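Subject: Structure handover and findings

Hello,

Here is the structure you were waiting for. Please open it alongside this email while you read.

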Amino acid sequence: MTVLGLISDTHGLLRPEAAAALAGVDAILHAGDVGRPAVLAALRSIAPVFAVRGNVDGGELAALPLDTIASVGGFDIYMLHILRNIAIDPAAAGMAVVVSGHTHKPLIEEKAGVLYVNPGSAGPRRFGLPVSLGFLRLASGQKPEAWLKMLDC
C-alpha cells in the first residue's frame, strides 16, 4: 500500500501543520501555485515530490510542467493546476486519479470511473475557505481512496 500527500496553493507558505500532517507519506503531489522554491525544498525533505506549475508560479518555478503524469504504485495520476485546462480525457487515457488545485476548495468526486481530487489550499487562508490538504491511498487490486484533512490554523 502507498499513501500520497496531496497539497496545492501554498502560495509560498508551507505551514508547520501541513508539514506535520504529511510526515510519513510515500510521496507528495503539489498541484501548483507553489509560490516559492523553498516550499518544494521543504516538501522534498519529507518525501519525493511531483509538482506542476500554477498560474502564480514564475521565476525558477516557471520550469515546472503545466501538467504531468505521476506513476506511483502501478497507478497513473494526472496532475494539473486548473482543472478546466485539462488536455486529455482521463478515462480514455487510463488515468486512475486527477489531482488539481486553483479553486482553494477541497473536493473529492468520481466521474467516469476516475477519482478527481482537489486538496484545497494549504497556504494563506483566502476566500473564507478552510486550510486543507489531502491524501490518496493506493493498493494493488483496489480502487484509489482519497480523503481530506482540514488543518486547524
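Below is what I found, going from the whole chain down to single residues.

Please keep in mind that this is a predicted model.

**Overall fold**

The protein chain has 2 helices and 10 strands. Along the sequence they run β-α-β-α-β-β-β-β-β-β-β-β. The C-alpha atoms fill a box of roughly 35 × 30 × 30 Å along the principal axes. The radius of gyration is 14 Å. A compact globule of 153 residues would come near 15 Å, so the chain agrees with that expectation.

Of the 153 residues, 49% are buried. Take the contacts between residues at least 6 apart in sequence: 44% of them join residues at least 24 apart.

**Surface and charge**

The accessible surface is about 6,900 Å². Carbon and sulfur atoms account for 53% of that surface. The chain carries 12 positive and 13 negative charges. Their mean positions lie 6 Å apart.

**The cores**

In soluble globular proteins, nonpolar side chains tend to be buried together. Here is how that looks in this model.

The largest nonpolar core holds 21 residues. Those that touch the most other members are Ile7, Leu22, Ile28, Leu40, Leu43, Leu133 and Phe135. Which elements give two or more residues to this core? They are β1 (2-7), α1 (16-22), α2 (37-44), β3 (49-51) and β9 (132-138).

There is also a second, separate core of 19 residues. Ile77, Ala96, Val117 and Leu136 are among its members.

Three residues are worth a look around the largest core.

- Ile28: beyond four places in sequence, Ile28 touches Gly5, Ile7, Leu22, Leu43, Ile46, Ala47, Pro48, Val49 and Phe50.
- Val49: this residue lies in strand β3. Outside its neighbours within four places, Val49 is in contact with Ile28, Leu40, Leu43 and Arg44.
- Phe135: this residue sits in strand β9. Its relative accessible area is 6%, under the 20% cut-off, so Phe135 counts as buried. Leaving aside neighbours within four places, the contacts of Phe135 include Val3, Leu4, Gly5 and Leu6. Ala21, Leu22 and Val25 are also among them. So are Glu145, Ala146, Trp147 and Lys149.

Two distances help to place these residues. Val49 and Phe135 are 86 residues apart in sequence and 14 Å apart in space, C-alpha to C-alpha. Phe135 and Lys149 are 14 residues apart in sequence, with 7.9 Å between their C-alpha atoms.

**Asn118**

Is Asn118 buried or exposed? With a relative accessible area of 6%, Asn118 is buried. Asn118 belongs to strand β8 (residues 114-118). Ser100 is 18 residues away along the chain, and the two C-alpha atoms are separated by 5.1 Å. Ser100 is also one of the contacts of Asn118, not counting neighbours within four places. The others are Gly101, His102, Thr103, Lys105, Pro106, Leu107 and Leu148.

**Two aspartates in loops**

Which residues other than glycine have a positive phi? Asp9 is one, at about 50°. Asp33 is another, at about 55°.

Asp9 is found in the loop between β1 and α1. Asp9 has a relative accessible area of 0% and is buried. Asp33 is found in the loop between β2 (27-30) and α2. Asp33 is buried too, at 2% relative accessibility.

**Gly58**

Where does Gly58 sit? Gly58 is in the loop between β3 and β4 (67-72). At 41% relative accessibility, Gly58 counts as partly exposed. The reason is that this value falls between the 20% limit for buried and the 50% limit for exposed. Asp152 is 94 residues away along the chain from Gly58, and their C-alpha atoms are separated by 29 Å.

**In short**

The model has a nonpolar core of 21 residues and a separate one of 19. Asp9 and Asp33 each combine a positive phi with a buried position in a loop.

Best wishes

Technical notes:
Residues numbered from 1 in each chain as written. Predicted model: local features only at pLDDT ≥ 70, side-chain atom pairs only at ≥ 80, totals over all residues. Heavy atoms only, no water. Helix = DSSP H or I, 4+ residues; strand = E, 2+ residues; numbered from the N terminus. Rg over C-alpha atoms; globule rule 2.2 N^0.38 Å. Buried < 20%, exposed > 50% of the residue type's maximum accessible area, 1.4 Å probe, protein only. Contact = heavy atoms within 4.5 Å. Areas by Shrake-Rupley, 256 points an atom, 1.4 Å probe, with all protein chains shown as cover. Lys, Arg positive; Asp, Glu negative; His and termini not counted. Charge placed at Lys NZ, Arg CZ, Asp CG, Glu CD. Core = buried A, V, L, I, M, F, W, Y, C linked by side-chain atoms within 4.5 Å.
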